[in-house]
Amino acid sequence: MSDDQALPRFVTTFEPHHGIAVPVADGVQRLTAPNPSPFTFHGTNTYIVGQKSVCVIDPGPDDDAHFDALMAALKGRDVTHIAVSHTHRDHSPLARRLKDKTRAVVVAEGPHRPARPLFQGEVNPFAESSDTDFVPDRTLADGESLEGDGWRLSAVHTPGHTANHAAFALEDAGILFSADHVMAWATSIVAPPDGAMSDYMASLDRLLERQDSLYLPGHGGPVEDPQTFVRALRTHRLMREEAILARIRSGDRSIADMVKVIYATTDPRLHGAAALSVLAHLEDLVERGQVVTEGAPRLLGDYRPG
């Protein structure tokens with residue numbers, strides 16, 4: 001198989017149907033929030049699981065129009081649970097308003113936390129994107145389930161994008177709500193200190209051990225051949241790692257110089273996130289001894305072959 005064949009085939013055609021809950025699987029509806037951006041694609045997907053007694057997965061940003069559309073879609077149904085995949089502000093904040101309105105139980109892996117402590121003098125570049133006020137009513141251990149009328153969801157811990165990221169498996173349906181860990185339209189952002197590349201890769205490996213037949217992600221459309229797609233994502237990350245090593249071997253010492261070459265065709269608005277992704281790879285490479293730097297890996301660090 002060629003490298004091109006091994007890479008993920010991203011699907012960027014997607015109709016968000018803002019304001020309308022559309023069926024995407026048996027007993028599952030999707031409502032996309034009107035918060036499009038280079039990081040969120042057409043917006044954050046909120047899912048409604050069940051018929052009479054339902055669980056809302058990732059209520060989304062604190063947006064009036066999205067809240068009104070969600071309440072309209074839920075009319076006549078009992079919301080028993082609100083499941084939050086992770087604590088970025090495009091996924092979790094609306095849980096508070098929805099809980100106040102429905103008295104549902106909010107569940108998640110846990111509150112927001114970084115994958116590692118901040119170094120002295122380090123600033124978290126995604127601090128404003130983190131919902132540090134979020135506190136679930138109930139934390140879900142890996143594999144722990146919650147149930148409603150005709151459905152059962154189990155937590156699948158998938159750290160990497162954030163330390164507290166969790167996917168949710170709809171048992172007996174072969175469906176995994178993969179949130180931001182695996183998406184059909186683009187790769188997930190892994191940005192220290194909130195995320196960690198070693199965690200992300202381990203979480204991909206974990207999904208390869210499962211037998212899900214469909215992923216419903218946090219942004220964009222479904223992933224319809226999950227095993228093939230996840231293997232391709234893993235290959236893509238390993239190729240990016242090799243590209244970073246190649247730039248260091250060729251003489252690049254700074255992340256900025258690496259980004260200029262490796263992400264030459266990427267939207268410049270995403271170069272800041274790209275630099276953080278390179279940093280995530282470098283943290284892993286330094287830990288494994290393939291790259292050396294003075295002190296801890298940093299955005300402005302100097303990197304050399306191990």
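**Figure 1. Gly121 sits in the loop between β6 and β7 (138-139).** Welcome to the first close-up, which comes from a predicted model: local features need pLDDT of at least 70, side-chain atom pairs count only at pLDDT 80 or more, and totals for chains, interfaces and linings use all residues. Residues are numbered from 1 along each chain as its sequence is written, and side-chain values use heavy atoms, with hydrogens and water left out. Helices (H or I, at least four residues) and strands (E, at least two) are DSSP runs, numbered from the N terminus. Gly121 counts as exposed, at 73% relative accessibility; here exposed means over 50% relative accessible area, buried means under 20%, and partly exposed lies in between (1.4 Å probe, protein chains only). From Gly121 to Gly148 there are 27 residues in sequence and 47 Å in space, C-alpha to C-alpha.

**Figure 2. Asp199, in helix α4, meets a distant part of the sequence.** Asp199 touches Pro159 and Gly160, leaving aside residues up to four places away in sequence; contact means heavy atoms within 4.5 Å. Thr158 is 41 residues from Asp199 along the chain, yet their C-alpha atoms are separated by 7.8 Å. With a relative accessible area of 28%, Asp199 is partly exposed.

**Figure 3. Three backbone spots are worth checking if you look at torsions.** Most residues other than glycine have a negative phi, and most peptide bonds are trans. Asp58 has a positive phi, near 55 degrees, and its place is the loop between β4 (53-57) and α2 (64-74). Arg103 also has a positive phi, near 65 degrees, in the loop between α3 (94-102) and β6 (105-108). Asp58 is buried, with a relative accessible area of 2%, whereas Arg103 is exposed, at 68%. The peptide bond from Pro192 to Pro193 is cis, with omega near 5 degrees; Pro193 belongs to the loop between β11 (175-179) and α4 (197-208).

**Figure 4. One cavity of 30 Å³ or more is counted, and Asp58 helps to line it.** On a 1 Å grid over the protein atoms alone, a cavity is a set of points where a 1.4 Å probe fits but cannot get out, while a pocket is an open set with protein on both sides within 12 Å along at least five of seven lines; lining residues have an atom within 4 Å of a point. Grid points are joined across faces, edges and corners, and a volume is the space filled by probe spheres set on the points. The largest cavity holds about 40 Å³ of space. Besides Asp58, its lining includes Asn45, Tyr47, Phe168, Phe177 and Leu216. Two or more lining residues come from each of β3 (45-49), β11 and β12 (214-217), and β11 gives the most, with three. By type, the lining has seven nonpolar residues, four polar and one charged; Ala, Val, Leu, Ile, Met, Phe, Trp, Tyr, Cys and Pro count as nonpolar, Asp, Glu, Lys and Arg as charged, and the others, Gly among them, as polar.

**Figure 5. The largest pocket has a volume of about 940 Å³.** Of its 37 lining residues, Phe39, Thr187, Ser188, Ile189 and Leu270 are the closest to the centre. The elements that give two or more residues to this lining are α5 (226-249) and α7 (271-287), and α7 provides the largest share, four residues. The lining of the largest pocket divides into 17 nonpolar, 14 polar and six charged residues.

**Figure 6. Helix α6 (residues 255-262) has buried residues Ile255, Met258, Val259 and Ile262.** Seen down the axis of α6, these residues fall within an arc of 100 degrees, so they line one face of the helix; the arc is that of the directions from the helix axis to the C-beta atoms. An α-helix has 3.6 residues a turn, so residues three or four places apart point the same way. The cover over the buried residues of α6 includes α5, α7 and β14 (303-305).

**Figure 7. The largest nonpolar core has 19 residues.** Such a core is a set of buried Ala, Val, Leu, Ile, Met, Phe, Trp, Tyr and Cys residues joined through side-chain atoms within 4.5 Å. Those with the most contacts inside this core are Ile244, Ile255, Met258, Val278, Leu282 and Tyr303. Two or more core residues come from each of α5, α6 and α7, with α7 giving the most, seven. Ile244 touches Met258, Ile262, Val278, His281, Leu282 and Leu285, again not counting residues up to four places away in sequence.
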